[in-house]
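This briefing introduces one protein chain to a reader who has not met it before. It covers the overall make-up, then the cores, then the salt bridges.

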Amino acid sequence: MSVNKKTKTDIIKLFLIITITTMSFKTIADTKKAQLSEKMDIEIYYETSSGLSGLTENGYYNFNTGDDVTFYLTENKKIEILKLNKKLLNSKHTNFKDVVFQPLDKTLTNYVVQKADKNGDLCFYDVSKYSTENYTGPIGETYYKVTAKGIYEYPSIGDNFTNCERKPSTKKSVSFEPIDDFSRFKGGILGCALNGCSIKDLNGYSLTAYAVENEGNEKYRSVAMHYDQDSKILIEKSKGIGKQDGFSHLNLAEYLWLTPLKEDIDSLKFNGLWRYREIGQKEIKTGCILIKGDQIFESNKKNSNCIKSVESYKIDVSSKYIDMWWLKNEGATATIAQVNAAVKYKDQNSIIQYTEWEYFPISDDLESAPLYKYSYNPNEIKNKKKEIFSITTFERVK
């Protein structure tokens with residue numbers, strides 16, 4: 001199923017998405033007719049209070065005089081429309097300057113998933129390398145603590161990549177970087193570390209330039225941030241915005257950063273009964289699976305409501321879900337980064353397939369969220385395109 005813009009918009013409306021910022025803003029104009037916005041360097045889904053919606057067309061969106069305009073990232077958290085509307089309504093009563101997180105003197109984990117390298121090649125976790133020592137694919141982690149005088153960085157697997165694979169970290173001991181002026185960090189945890197972080201501090205969209213002495217590490221990119229008050233997770237997404245003068249590469253790298261501001265996000269459990277709905281090229285399939293450790297079972301009794309007796313699930317279908325590679329981890333648990341990575345694997349017929357998982361907790365119960373899987377056209381991956389031919393939603397039954 002080649003998903004054109006209209007189809008993609010319909011899918012977004014069906015599942016819906018994470019907001020770049022919970023702060024809508026009022027567009028003011030002099031005339032009372034539909035108008036075209038100023039250009040934005042990002043393709044995102046938008047909705048206006050007068051009913052206009054869609055994907056930004058070449059960076060532009062339509063609005064009417066006096067509209068509130070809300071933006072949504074198109075490759076992140078899908079939540080039911082009623083829940084989203086409720087969250088947006090509630091956000092109107094939120095004081096965006098109230099402190100919601102105090103990062104000072106807390107040790108934080110920063111997960112990173114590389115979605116594409118600087119040349120625009122798409123990044124995938126290669127399931128065939130699961131047992132290879134130190135292999136994490138395009139997934140990294142760092143640990144740090146912000147103090148009033150600077151940042152402590154702790155040994156970790158690191159977040160540096162060569163192409164689409166994480167380079168082994170050489171960090172063996174704790175290091176400290178003094179910071180004299182935190183105010184120079186605009187947005188994000190560092191910028192608000194001393195006085196506490198508000199909704200306004202942890203949400204937004206910006207363009208940033210970044211360069212270091214080593215040739216080839218220049219960056220010019222867009223960065224979108226969203227802090228979910230319910231799950232207490234800070235989500236950041238960056239995308240290089242193309243070749244620039246003086247750059248030695250195409251500047252097309254894409255990253256997803258996830259910073260949980262609470263404990264136990266590194267051991268998500270997926271055991272239990274799940275209902276799935278797969279929207280494919282020509283049909284919609286529904287069914288139920290039981291995840292038990294690293295195995296997956298179906299029942300020979302078809303019931304759209306899912307038979308809740310786990311004894312009924314005896315047909316081992318684990319080979320159909322090879323891309324759920326993180327179930328092979330010790331304890332069958334996964335980090336939030338692992339269940340937000342794209343995957344490369346060989347199916348039951350030894351044909352290479354590409355899928356991508358998304359899992360974003362939408363409440364304080366970190367294991368209650370839907371799990372999403374996008375299946376891509378393998379023939380388009382080499383062209384650096386993610387052409388969707390099916391989307392599957394998994395919802396926990398018990």
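A contact means heavy atoms within 4.5 Å. Among contacts in the chain with a separation of 6 or more, 59% join residues 24 or more positions apart. This is a predicted model: local features need pLDDT of at least 70, side-chain atom pairs count only at pLDDT 80 or more, and totals for chains, interfaces and linings use all residues. Residues are numbered from 1 along each chain as its sequence is written, and side-chain values use heavy atoms, with hydrogens and water left out.

**Cores**
- Of the 398 residues in the chain, 49% are buried (under 20% relative accessible area, with exposed over 50% and partly exposed in between; 1.4 Å probe, protein chains only).
- The largest nonpolar core (buried Ala, Val, Leu, Ile, Met, Phe, Trp, Tyr and Cys residues joined through side-chain atoms within 4.5 Å) has 38 residues.
- Domain 2 (99-260) and domain 3 (268-396) both contribute residues, so this core lies between them; the domain bounds come from an automatic or database domain assignment.
- A second, separate core has 16 residues, including Val146 and Cys197.

**Salt bridges**
- The structure has six salt bridges (a side-chain nitrogen of Lys or Arg within 4 Å of a carboxyl oxygen of Asp or Glu).
- Glu356 pairs with Lys115 at 2.7 Å, N to O, and with Lys386 at 3.0 Å.
- Lys115, Glu356 and Lys386 thus appear in a network of salt bridges.
- Glu356 is buried at 4% relative accessible area, as is Lys115 at 9%, whereas Lys386 is partly exposed at 26%.
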